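Reader: I am new to reading protein structures, and I would like to go through one slowly, asking about its packing and its charged pairs.

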Amino acid sequence: MIPGSGHPLAYPVLVTIGALAVLAAAAPFADSDQAAGLVTLALIILGYSLFRLAVAVGWLSAGSVEGTLTIRRVRQQHRLLSRTWLELRESGRSRWLPVYFDPALLALAESPASVDRKTLRVGDIRLYPSGRVRTTEPPGKLIDNPSRPDPEAAALGAKAARPTRRLLLDAQSAVAAPFFGLMWIYVIGGGLLTFVGAVCVAAAAAIWLSAVRGSDPS
């Protein structure tokens, strides 16, 4: 079942379906070797997406974090990667947990949160981990949320969550797709149609990876 359009997991699920659709559309034009590569990539996309979703909904653990903790939101910018992390503080110790983007995060000031092995809640808001907790600060530039909620946070969050905006931002990760297409032609052979197909597949896979890892469009 696909989550509703406003659900934090809706975007990565829909992008995963889109990436698999691109692979399926390329399959009729592929020879046996290319078809085997497409099947392998489809299995990787499907398997990794299911693993990420299992962590997000609590079927698999995101790490040893449990109890009532103080959290604050930080936005990570590292090369072309942008993600939301929650800094979890307990007894002077900090840990970082990545979560899927939710517009409500823009208004999140430092707050207490209830964390157990299956759910993460800040008040009435449930957040979904997009990876495992880490004990070291994420690399790159980390931008803290304001200490007081921005009065425009709701409008900014709704704008940031638009699927078209998110796709355009995640498409930055597909910048290397033409080089993959050229490499595919060099190794496997083929003409212009093969090149275009390889570029489309590589771009779809890059956008999917960015989405399923929990890209932050804010």
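Author: What follows is a set of questions and answers on a predicted model.

Reader: Which helix gives the largest share of the largest nonpolar core?

Author: The largest nonpolar core has 17 residues, and Val15, Tyr100 and Trp208 are those with the most contacts inside it. The elements that give two or more residues to this core are helix H1 (10–26), helix H2 (32–57) and helix H6 (192–212). The largest share, 6 residues, comes from H6.

Reader: Is Glu87, which meets Arg89 in a salt bridge, buried or exposed?

Author: The side chains of Glu87 and Arg89 meet at 3.3 Å, N to O, and Arg89 is partly exposed, with a relative accessible area of 32%. Glu87 has a relative accessible area of 7%, and because buried means under 20%, this residue counts as buried.

Reader: How many residues apart in sequence are the parts tied together by the salt bridge of Asp216 and Arg73?

Author: The side chains of Asp216 and Arg73 meet at 2.7 Å, N to O, and both residues are buried. Asp216 lies in the segment after H6 whereas Arg73 lies in strand S1, so the distance in sequence between the parts that the pair ties together is 143 residues.

Reader: Which strand holds Arg72, the salt-bridge partner of Asp144?

Author: The side chains of Asp144 and Arg72 meet in a salt bridge of 2.7 Å, N to O, and Asp144 is partly exposed, with a relative accessible area of 42%. The pair links distant parts of the chain, 72 residues apart, with Asp144 in strand S7 (residues 141–144) and Arg72 in strand S1 (residues 67–78).

Definitions and conventions:
Residues numbered from 1 in each chain as written. Predicted model: local features only at pLDDT ≥ 70, side-chain atom pairs only at ≥ 80, totals over all residues. Heavy atoms only, no water. Core = buried A, V, L, I, M, F, W, Y, C linked by side-chain atoms within 4.5 Å. Buried < 20%, exposed > 50% of the residue type's maximum accessible area, 1.4 Å probe, protein only. Helix = DSSP H or I, 4+ residues; strand = E, 2+ residues; numbered from the N terminus. Salt bridge = Lys/Arg side-chain N within 4 Å of Asp/Glu carboxyl O.
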